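Biologist: Could you walk me through this one? I'd like to ask things as they come up.

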Amino acid sequence: MEMLTIDPATTDHKDLHQYILGTVAPRPIAFVSTLDEDGRQNLAPYSFFNAFSSNPPIVVFSSNRRSTNNTTKDTLGNIRKTGECVINAVTYSIVRQMAVASVDFPTGVSEFHKTGLTAIASDLVKPPRVAESPANMECRVKDIITLGEKGGAGHLIICEVVRMHIAKNVLGERNRIDPNKMDLMGRMGRAYYVRCSGQAIHTIVQDYLPVTIGYDNLPHGIKQSSILTGNDLGKLAGMVDLPTPEEITFMSQKEEVKVALSQRNPKTALHYLAKTYLDRNEVGLGFSILMLDQLN
Ligand SMILES: Cc1cc2nc3c(=O)[nH]c(=O)nc-3n(C[C@H](O)[C@H](O)[C@H](O)COP(=O)(O)O)c2cc1C
């Protein structure tokens, strides 16, 4: 891969901003509701956002100085005065209203009014929740860390979640959040977003205990395959054990395996056949087929 090398010290801030945002993506979006000292509502999206601890429950977002005039934002000002906010999840159903809330309305103008979203009372903090959002976190701010003084510099706002509300209609089995029902939006670089449902969702089941065999323990002929991809090798490396002789013998008796073994280049045929199993996530069966190549 030919790489573009970037030195932050000599790169124009606008470009650096886009390189970082295009790389650290997709980002979850905190839709942050605050009040000023007179109780006026404010609502704004922040995608420099993530969860950093679940015990205690800590989420962090960053309000940056504007690059245009180096001013700070209303959300930060409100939090400095009140120490409270509500972080609402941004779903596909409200993403265009979220975009309206990102407009730089004059201080004191309520983005609830501008977006048509509904403010409903929180239990433990004063800022309201967004009724249309299926998950709200009522937060008390523990700390604000200033990262710099120039345009683009962030202020990390470290929030402790003191109460959560989750719509029951986004829950699935065992009361866990079902990503398809939740339908969250993520932000990428520039005007790109990702809708986190349907084909965007990939399920990766990986055993953690007992430890898995790892790439280094894969047979040489498998590691050198010109047919298997890095993800295929990752699936094999994530198995807990190499296939047993019985499993390998079982696969060797399958008609399609016999056909592959009778080809002029049985190794290639076996690898192609094994890949069809790996693609269907029948990893153990595919692994056994690949081991036949090792035995020959
Ligand atoms: C999806 C999205 C994510 C954003 N993320 C951030 C962010 O992480 N930090 C930031 O300072 N501004 C971010 N912005 C811009 C702010 O939302 C925008 O400056 C807004 O006017 C700030 O509102 P406030 O002054 O009421 O706090 C984002 C905008 C959008 C649309």
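Modeller: Let me start with a loop residue, Arg190, which sits between strands β11 (184-187) and β12 (193-196). Please keep in mind throughout that this is a predicted model.

Biologist: What is the phi of Arg190?

Modeller: The phi of Arg190 is positive, about 50°, although the residue is not a glycine.

Biologist: And is Arg190 buried or exposed?

Modeller: Arg190 counts as exposed, because its relative accessibility is 56% and the cut-off for that class is over 50%.

Biologist: What about Asn175, where is that found?

Modeller: Asn175 is in the loop that runs between strand β10 (154-166) and helix α5 (179-182). Its phi is near 60°, which is again a positive value in a residue other than glycine, and with a relative accessible area of 58% Asn175 is exposed.

Biologist: Switching to peptide bonds, which residues does a cis bond join?

Modeller: One cis peptide bond joins Ala25 and Pro26, with an omega of about -5°, and Pro26 is placed in the loop between helix α1 (13-23) and strand β1 (27-28). The peptide bond from Asn55 to Pro56 is cis as well, with omega near 10°, and there the proline lies in the loop between strands β4 (49-54) and β5 (57-64).

Biologist: Let's step back to the whole chain. How many helices and strands are there?

Modeller: The chain has 11 helices and 12 strands.

Biologist: What is the radius of gyration, set against a compact globule?

Modeller: The chain has a radius of gyration of 26 Å, whereas a compact globule of 296 residues would have one near 19 Å. The C-alpha trace spans about 80 × 50 × 30 Å along its principal axes.

Biologist: And what share of the residues is buried?

Modeller: Buried residues make up 41% of the 296 in the chain. The accessible surface comes to about 17300 Å², and carbon and sulfur atoms account for 53% of that area. As for contacts between residues at least 6 apart in sequence, 59% of them join residues at least 24 apart.

Biologist: How many positive and negative side chains are there?

Modeller: There are 31 positive and 31 negative side chains, and the centres of the two sets lie 4 Å apart.

Biologist: OK, on to pairs of charges. How many salt bridges does the structure hold?

Modeller: The structure holds 12 salt bridges. One of them is formed by the side chains of Asp104 and Arg66, at 3.0 Å from N to O. That pair links distant parts of the chain, 38 residues apart, with Asp104 in the loop between helices α3 (95-101) and α4 (111-115) and Arg66 in the loop between strand β5 and helix α2 (74-82).

Biologist: Which side of that pair is buried and which is exposed?

Modeller: Asp104 is exposed, with a relative accessible area of 53%, while Arg66 is buried at 17%, a value under the 20% cut-off for that class.

Biologist: What does Arg163 form a salt bridge with?

Modeller: Arg163 forms a salt bridge with Asp123, and the closest N and O atoms are 2.9 Å apart. Arg163 lies in strand β10 and Asp123 in the loop between strands β7 (119-120) and β8 (129-130), so the pair ties together parts that are 40 residues apart in sequence. Arg163 is partly exposed, with a relative accessible area of 34%, and Asp123 also counts as partly exposed, at 46% relative accessibility.

Biologist: And Lys275, what is its salt-bridge partner?

Modeller: Lys275 forms a salt bridge with Asp232, with 2.8 Å between the closest N and O atoms. This pair links distant parts of the chain too, since Lys275 is in helix α10 (residues 266-279) and Asp232 in helix α7 (residues 230-237), 43 residues apart. Lys275 is buried, with a relative accessible area of 18%, and Asp232 is buried as well, at 2%. Salt bridges that share partners join Asp232, Lys275 and Asp279 into one network.

Biologist: Last one: where is Arg96 placed?

Modeller: Arg96 is placed in helix α3, and with a relative accessible area of 70% this arginine is exposed. Arg96 and Thr115 are 19 residues apart in sequence, and in space the C-alpha to C-alpha distance between them is 8.7 Å.

Technical notes: Residues numbered from 1 in each chain as written. Heavy atoms only, no water. Helix = DSSP H or I, 4+ residues; strand = E, 2+ residues; numbered from the N terminus. Buried < 20%, exposed > 50% of the residue type's maximum accessible area, 1.4 Å probe, protein only. Salt bridge = Lys/Arg side-chain N within 4 Å of Asp/Glu carboxyl O. Rg over C-alpha atoms; globule rule 2.2 N^0.38 Å. Contact = heavy atoms within 4.5 Å. Areas by Shrake-Rupley, 256 points an atom, 1.4 Å probe, with all protein chains shown as cover. Lys, Arg positive; Asp, Glu negative; His and termini not counted. Charge placed at Lys NZ, Arg CZ, Asp CG, Glu CD.
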